[in-house]
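Visitor: Got a minute to walk me through this one? I'd like to poke at a few residues and then the sheets.

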Amino acid sequence: MKVDVAITGGRVFSANGGKDLDVLISGEKITAVVEPNSEGIEATKTIDATGLWVLPGMVDPHVHTREPGHTHKEDIWTCSQASAAGGVTTIFGMPNLKPATLTHKDLVDVLELYAEKCLVDYNHNPVPTLGETDAMAETGIAAYKVYQVIDTGRDYPHPSGTGITGSGHLLQMFEAVSTTGKRFMVHPHNQGVCDRVEQSFHNRGDRSVEAYAKTLATHDGLIWDLATAELIRMSEATNCPLHLVHVQTSRGVEMIRQAKERGIDVTGEVNHWALFLGSWDIVTKLGPYALSYWVPDHHREAIVKGLQDGIIDMVNSDHAPHTREEKEIGWTDMWACHTGTPGIQFQYPLMIDAVHRGEFTMERTIDLCCEAPARVFKLDSKKGSISADHDADIVLVDPNKEWTITDDIVLSKIGWTPYNGRKCRGQVLRTLVRGTDVYLDGKIVGTPGHGKHATPD
């Protein structure tokens, strides 16, 4: 058999386990995965992966590229460079842009920017604006996205048109998405409870990091749990596949478990900040640089168990870069700060480090980061697995390399990471997207526009 590339000597992982195998690539596809030193293989190029793990590229359906409209923070090219360095080979962008992705034209314009600039493969999640959903579906999207959030005292990161708090409007969106066969990705939030708790802090003049963190975690996760219950019930009523982002409470995990047992098509994700930044000591130490959200210890234990047991389907980055200037104001007024944390470059390595610490198995990590996102969003015929006829999206990792995450290796435009100084075991050495090197030995070697639109089956 003649092939373009043979990756030899490595340990290939899937959700079913790891095995010493050779991976054969022709063009953009994996031709075969064979026993080591199989006879009759002629490769134009051989990559020696001895001592390395050979992993599928991570599929990340929750990424804020910030382009168009907020390119002082990030853009598609810099975001996709950080993705490649972190072993992420497919990204889905979010609609909270300027203009927000509210119409078919907005969506087409964004997809054109990806085609021009993106290093890795991509898709994009628009808001399911009523009257626009069918046309959007025809572009090859995999999902829609909306927030149950209206920001207090700022208009970002949830700009007008992306935050839907009325149950009637939300139900109409569920009905519209249901007819397309796509999945509806929703950020759960009960705005009324949030407003009430925020006001109690504001009346006391307390706009601190601690006050903000306690607001979003109020009454043991009430803001999240009320919204989650409503969304699951709407999914059931409309027969619309639902994807819950930011799962972070024990009751949320239990509601997802019960919904799946009842046959409701609901999936959920956990993000890097919940696993690795959400503890009270980190939130109070890093302040605005760690927020997103505070995840109390008993809730973190519940989401980790939910990930281990398969109740929660995947781990996504929720990569959300903001400049230092936009973060620093949070020390004096957290409600004026742009919340969210960058994470796409270090999500996969941190998960591998968690494997070494015994928190997850490598097999479960592959499912959480690669196979499940591809399966849930109907890309699994081409993405998420090192299998014949799949795209050759492959990551080579030195599993035992101990290294330190630092700001000076950050490829995101903002140039900082909340993980600065954190030690990690397991380092990405090489990333291929459809058989082409895009990241190698600490450097980006791919070019803008290499990425292609990853369309669902």
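Visitor: OK, which helix is Thr215 in?
Guide: Thr215 sits in helix H6, residues 209-216. Helices here are DSSP runs of H or I with at least four residues, strands are E runs of at least two, and both are numbered from the N terminus. Before we go on: this is a predicted model, where local features need pLDDT of at least 70, side-chain atom pairs count only at pLDDT 80 or more, and totals for chains, interfaces and linings use all residues. Residues are numbered from 1 along each chain as its sequence is written, and side-chain values use heavy atoms, with hydrogens and water left out.

Visitor: Is Thr215 buried or exposed?
Guide: Thr215 counts as buried, because its relative accessibility is 0%. The cut-offs are under 20% relative accessible area for buried, over 50% for exposed and partly exposed in between, using a 1.4 Å probe and protein chains only.

Visitor: And what is Thr215 in contact with?
Guide: Leaving aside neighbours within four places in sequence, Thr215 is in contact with Cys194, Val197, Glu198, Phe201, Ile223 and Trp335. Contact means heavy atoms within 4.5 Å.

Visitor: Switching to Arg364: where does it lie, and why does it count as buried?
Guide: Arg364 lies in helix H14, residues 362-376. Its relative accessible area is 16%, so Arg364 is buried. Not counting residues up to four places away in sequence, Arg364 touches Leu307, Gln308, Gly310, Ile312 and Asp313.

Visitor: How many residues are in the largest nonpolar core?
Guide: That core has 105 residues, and Leu55, Phe184 and Leu275 have the most contacts inside it. Helix H13, residues 347-356, gives the largest share of this core, with six residues. A nonpolar core is a set of buried Ala, Val, Leu, Ile, Met, Phe, Trp, Tyr and Cys residues joined through side-chain atoms within 4.5 Å. There's also a second, separate core of 16 residues, including Ile7 and Ile394.

Visitor: What does Phe184 touch?
Guide: Among the residues it touches, leaving out those up to four places away in sequence, are Pro128, Tyr144, Met173, Phe174 and Leu242.

Visitor: Sheets next. What's the strand order in the open one with four strands?
Guide: The order is E5-E4-E1-E6, with mixed pairing. Strands E5 (29-34) and E6 (42-48) are the edges, and each pairs on one side only. Two strands pair if DSSP finds at least two bridges between them. Strand E4, residues 22-26, pairs with E5 in the antiparallel sense over five bridges, and Val23 has Val33 in E5 as its bridge partner.

Visitor: Why is strand E8 described as largely enclosed?
Guide: Six of the six residues of E8, residues 58-63, are buried, so the strand is largely enclosed by the rest of the structure. E8 pairs in the parallel sense with strand E9, residues 88-93, over four bridges. Met58 has Val88 in E9 as its bridge partner.

Visitor: Last topic: how many disulfides does the structure hold?
Guide: Zero, where a disulfide is a pair of cysteine sulfur atoms within 2.5 Å. For Cys79, the nearest cysteine sulfur is that of Cys118, 7.3 Å away.

Visitor: And why doesn't Cys370 bond with Cys369?
Guide: Because the sulfur of Cys369, the closest cysteine sulfur to that of Cys370, is 5.6 Å away, too far for a bond. Cys370 is also buried, with a relative accessible area of 0%.
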